[in-house]
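This briefing introduces a structure to a reader who has not met it before. Please view the sequence and model below, then consult the points grouped by topic.

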Amino acid sequence: MEPRALIGEWTMARRVVDRSAGTYGTVAGALVVTAFESGVRFAESGVLRWQGAELPVYRVSLLQPLDGEWWMLFEDGRPFHPWRPGTPVVHPCGRDTYDGVVALDRGGHRLRTLWDVHGPAKRQRLVTRFTR
């Protein structure tokens with residue numbers, strides 16, 4: 001699916017599991033996908049509920065062509081991972097590693113991400129569901 005087909009407003013639900021501490025939290029919010037010069041901008045916002053606290057969360061990512069294929073980039077332009085829905089991707093982050101997969105249904109109404117984070121600083125699982 002062409003990334004510009006994702007433009008629009010999405011509902012976001014995320015579960016964050018800290019495997020080291022045996023705790024978990026949830027994020028409820030929204031994803032707004034908009035066009036920009038060469039790609040699309042993903043702006044997530046919501047509330048993280050974690051151990052009795054409610055914390056605002058916000059993140060921006062960019063999806064744009066890089067070296068002949070689509071890449072998800074951090075807001076500052078650093079590469080995060082190639083955009084290959086259905087195919088596992090890896091992102092080294094310092095001494096930790098993010099193993100993930102992006103899944104998109106054929107109709108373009110549901111987008112899911114799964115990240116398993118492992119290393120000396122983190123042992124987490126992040127599961128996110130976006131729906132239109």
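In this predicted model, ten strands (DSSP E runs of at least two residues, numbered from the N terminus) form an open sheet in the order 6-5-4-3-2-1-10-9-8-7. The pairing, which requires at least two DSSP bridges between two strands, is antiparallel.

**Sheet**
- Strand 6 (79-82) and strand 7 (89-93) each have a single partner strand, so one side of each lacks a neighbour in the sheet.
- From one strand to the next, the twist averages 25°, taken between N-to-C directions of lines fitted to C-alpha atoms, on a scale from 0 to 180 degrees.
- Six bridges join strand 4 (residues 53-66) to strand 5 (residues 69-74) in the antiparallel sense; L66 stands opposite E69 in strand 5.

**Nonpolar cores**
- A nonpolar core is a set of buried (under 20% relative accessible area, 1.4 Å probe, protein chains only) Ala, Val, Leu, Ile, Met, Phe, Trp, Tyr and Cys residues joined through side-chain atoms within 4.5 Å.
- The largest such core has 23 residues, and W10, V33, F42, W83 and L111 have the most contacts inside it.
- Strand 3 gives the most to this core, with four residues.
- Beyond neighbours within four places in sequence, V33 is in contact (heavy atoms within 4.5 Å) with L6, I7, G8, W10, V40, R41 and F42.
- A second, separate core of five residues includes A43, L62, W71 and L73.

**Basis**
- Residues are numbered from 1 along each chain as its sequence is written.
- Local features need pLDDT of at least 70 and side-chain atom pairs pLDDT 80 or more, while totals for chains, interfaces and linings use all residues; side-chain values use heavy atoms, without hydrogens or water.

Notes: Buried < 20%, exposed > 50% of the residue type's maximum accessible area, 1.4 Å probe, protein only.
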